[in-house]
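Visitor: I am new to protein structures and would like a close look at one part rather than a quick tour. Could you pick a helix and walk me around it and its surroundings?

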Amino acid sequence: MTLQRMDNVGIVVEDLDTAVAFFTELGMEVEGKGPIEGLFADQAVGLDGVRSDIAMMRTPDGHGKLELAQYHSPTAIRDGSHNPPPNTLGLHRVMFAVDDIEDTIARLRPHGAELIGTVAQYEDIYLLCYLRGPSGIIVALAEQIS
């Protein structure tokens, strides 16, 4: 048996509409949105009484997907700092290639994006930065310059 593909990355958020607006402004598209609950949900995630709303977001090329989930029951928990630094153990960040990094940052700021550091240049190849988005999600952006 072989791995077929990576299907999606799941991110639990505090406010689904805010997260959808953020990732839509980044350039992702809503593939589907709806409630998730019932026995299958309880069994799949190992919790009792799951009731959540999800939005499946996809990149314009159709290859990358994020599953954003807002839990209503059981209540989502915060484990540690609300804004953990980039060197925190666990899922680190999601990176996106963009055409214009400065324009992307400017468009995401009204949706709560904050630069963690600065826009840095790696040799003559990339401009890179880390942003903190909704629910403290770290989003990295890369613009190829050569």
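Guide: We will start with the whole protein, settle on helix α1, and then visit the pocket and the helix that share residues or contacts with its end.

First, a word about where this comes from. The model is predicted, so local features are described only at a pLDDT of at least 70 and side-chain atom pairs only at 80 or more, while totals for chains, interfaces and linings use all residues. Residues are numbered from 1 along each chain as its sequence is written, and side-chain values use heavy atoms, leaving out hydrogens and water.

The protein has three helices and nine strands. Helices here are DSSP runs of H or I with at least four residues, strands are runs of E with at least two, and both are numbered from the N terminus. Read from the N terminus, the order of elements is β-α-β-α-β-β-β-α-β-β-β-β. The C-alpha trace spans about 50 × 40 × 30 Å along its principal axes. Of the 146 residues, 32% count as buried; buried means under 20% relative accessible area, exposed means over 50%, and partly exposed lies in between, using a 1.4 Å probe and protein chains only.

Now to helix α1, which covers residues 16-26. Its buried residues are L16, A19, V20, F22, F23 and L26. Looking down the axis of α1, you would find these buried residues within an arc of 160°, so they line one face of the helix. The arc is taken from the directions that run from the helix axis to the C-beta atoms. A simple rule helps here: an α-helix has 3.6 residues a turn, so residues three or four places apart point the same way.

What lies over that face? The cover of the buried residues of α1 includes the strands β2 (29-37), β3 (51-58), β4 (65-73), β5 (94-97) and β9 (138-144), along with helix α3 (101-108). When I speak of contact, I mean heavy atoms within 4.5 Å.

The two ends of α1 have details of their own. At its start, a side-chain oxygen of D15 comes within 3.0 Å of the backbone nitrogen of D17. This is a polar contact: a pair of N or O atoms within 3.5 Å, where, within protein, one must be able to donate a hydrogen and the other to accept it, and residues adjacent in sequence count only if both atoms are side-chain atoms. Just after α1, G27 has a positive phi of about 125°.

That end of the helix leads us to the second largest pocket, which holds about 220 Å³ of space. It is lined by 14 residues, and those closest to its centre are L26, G27, P60, A97 and V98. A pocket is found on a 1 Å grid over the protein atoms alone, as an open set of points where a 1.4 Å probe fits, with protein on both sides within 12 Å along at least five of seven lines; lining residues have an atom within 4 Å of a point. Grid points are joined across faces, edges and corners, and the volume is the space filled by probe spheres set on them. By class, the lining has six nonpolar, three polar and five charged residues. Ala, Val, Leu, Ile, Met, Phe, Trp, Tyr, Cys and Pro count as nonpolar, Asp, Glu, Lys and Arg as charged, and the others, Gly among them, as polar. The elements giving two or more residues to this lining are β5 and α3, and α3 gives the largest share, three residues.

So let us turn to helix α3. Its buried residues are I101, T104, I105 and L108. Seen down the axis of α3, they fall within an arc of 100°, so they too line one face of their helix. They pack against α1, β6 (114-115), β8 (126-132) and β9. At the start of α3, a side-chain oxygen of D100 reaches to within 3.2 Å of the backbone nitrogen of E102.

Let us finish with T104, which sits in α3. T104 counts as buried because its relative accessibility is 3%. The T104 side chain reaches the backbone oxygen of D100 at 2.8 Å. Leaving aside neighbours within four places in sequence, T104 is in contact with L26, V98 and L141. L26 brings us back to where we began, since L26 is one of the buried residues of α1.
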